[in-house]
Amino acid sequence: MQQIINFIIRNKNFLLFLLLFSISILFTIQSHSYHKSKFINSANFLTGSIYNSANNISIYLNLRSQNKLLFEENKRLKSLLYNLESSIKTNHSDSLNVPYYFSNAQVIKNNYSAPDNVLLINKGTNDSIKQDFGVITTEGIVGIINEISGNYATVISILNTTSSISAQLKKTNHIGSLTWNAKDPAFVQLTDIPKIAPVVIGDTIITSGRSSIFPKNIPIGTIAYFNLDAAENYYEINVKLFNDMTNLEHVYIIENINKPEITNLLNE
């Protein structure tokens, strides 16, 4: 307290000047409408800037929760989209057939520089995840669930030389096998497309729906270039992936509800 009193005594002239100056400004603002409007506008600008900064900070702090909500909504919409397509193609448009269930996960580890790349995600048997479930993103296909623990699972990436996924030209029903030659993580190879197929650079490649893992029409990429194997009469097509496989974070896991029935029937 004594220090405050000493400060006031030492600076009494300056403090008196500030007091009188503030009073004069107040009287000026009160007695002149022009000065009053300018003061109000300046005050509004200052408070508006403060509130805007505070709001931006609040939005940033809530970004994780908002992203989670958006991710859940995307999961629901994807489930509706692919199940609706399946229902229409099987002539069940009057009652929606729902063979595919979507859940979400986060990529914990991602390899893309080795010949046999594997990803690690934060969902496992505790989340009802099983082997051979498909994994995609909003951009396209990622891979297939391989090994599972309670809280984690590994995913065989499409950038894996052992991976082979059924794919097709979007404009036709010509189907081939999607593989990887271990050269470039931005490109995969589509083989077994016959030479009678109308292959055009820039055309889209999608999943064929001929397996029990992925529904039809999941995007994969576009045709970058191709060669015709004259001896085999089949195209060798290089596909530019929609997914940036070197930058994966959020993924969707696809469960085909009918897969056990299909597998048992094929085994018999």
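In this predicted model, Val118 takes its place in strand E2, which covers residues 116-121. With a relative accessibility of 29%, Val118 counts as partly exposed, because that class lies between the cut-offs of 20% and 50%. Setting aside neighbours within four places in sequence, the contacts of Val118 are Lys109, Asn111, Thr154, Val155 and Asn160. The chain also brings Val118 and Leu159 to a C-alpha to C-alpha distance of 8.3 Å, although 41 residues separate the pair in sequence.

A second strand residue, Val135, belongs to strand E3 (residues 134-136). Here the relative accessibility is 1%, so Val135 counts as buried. Its contacts beyond four places in sequence are Ile141, Val142, Gly143, Ile145, Val155, Phe214, Val251 and Tyr252. Val155 therefore appears in the contact lists of both Val118 and Val135. Between Val135 and Asn104, 31 residues apart in sequence, the C-alpha atoms lie 9.3 Å apart.

Ile254 sits further along the chain, in strand E12 (residues 250-256). At 0% relative accessibility, Ile254 is also classed as buried. Its C-alpha atom is 5.8 Å from that of Tyr101, a residue 153 positions away along the chain. Tyr101 is one of the residues in contact with Ile254, and Tyr100 and Phe102 are listed as well. The other contacts of Ile254, again leaving aside neighbours within four places, are Phe133, Gly134, Ile136, Ile213, Phe214, Pro215 and Ile218. Phe214 is thus a contact of Ile254, and Phe214 is a contact of Val135 too.

Phe214 comes up once more in the nonpolar core. The largest such core holds 44 residues, and those with the most contacts inside it are Ile121, Leu190 and Phe214. This core lies between two domains, because domain 1 (48-81 + 97-160 + 251-260) and domain 2 (165-241) both give residues to it. As a general point, nonpolar side chains in soluble globular proteins tend to be buried together. Around Leu190, the contacts beyond four places in sequence include Ala167, Leu169, Gly176, Ser177 and Leu178. Ile205, Tyr235, Glu236, Ile237 and Val239 are also in contact with Leu190.

Val239 gives a link to Ala224, a residue of strand E10. The C-alpha atoms of Ala224 and Val239 are separated by 5.5 Å, with their positions 15 residues apart along the chain. Ala224 counts as partly exposed, since its relative accessibility is 25%. Not counting residues up to four places away, Ala224 touches Phe187, Ile201, Asn238 and Lys240.

Two residues deserve a look for their backbone angles. Most residues other than glycine have a negative phi. Asp192, however, has a positive phi, near 70°, and is found in strand E8 (residues 187-194). Asn217 has a positive value as well, near 80°, but is placed in the loop between strand E9 (204-207) and strand E10 (219-229). Both count as partly exposed: Asp192 has a relative accessibility of 41%, and Asn217 has one of 23%.

The search for empty space inside the protein gave a short list. Rolling a probe the size of a water molecule over the atoms shows where such space is left. The count comes to one cavity of 30 Å³ or more, and the volume of the largest cavity is about 30 Å³. Its lining is made up of Leu169, Lys170, Lys171, Thr172, Pro198, Asp203, Thr204 and Ile223. Sorted by class, these lining residues are three nonpolar, two polar and three charged. Leu169 is one of the lining residues, and Leu169 is also in contact with Leu190.

Some totals place these details in the whole protein. The secondary structure consists of five helices and twelve strands. Of the 268 residues in the protein, 30% are buried. Among contacts with a separation of 6 or more, 57% are between residues 24 or more positions apart. The pair Ile254 and Tyr101 is an example of residues far along the chain from each other, with their positions 153 residues apart, and Tyr101 is in contact with Ile254.

Technical notes. Residues numbered from 1 in each chain as written. Heavy atoms only, no water. 1 Å grid on protein atoms, 1.4 Å probe; cavity = no way out; pocket = protein on both sides within 12 Å on 5 of 7 lines; lining within 4 Å. Points joined across faces, edges and corners; volume = space filled by probe spheres on them. Nonpolar A, V, L, I, M, F, W, Y, C, P; charged D, E, K, R; others polar. Core = buried A, V, L, I, M, F, W, Y, C linked by side-chain atoms within 4.5 Å. Buried < 20%, exposed > 50% of the residue type's maximum accessible area, 1.4 Å probe, protein only. Domains from an automatic or database assignment. Contact = heavy atoms within 4.5 Å. Helix = DSSP H or I, 4+ residues; strand = E, 2+ residues; numbered from the N terminus.
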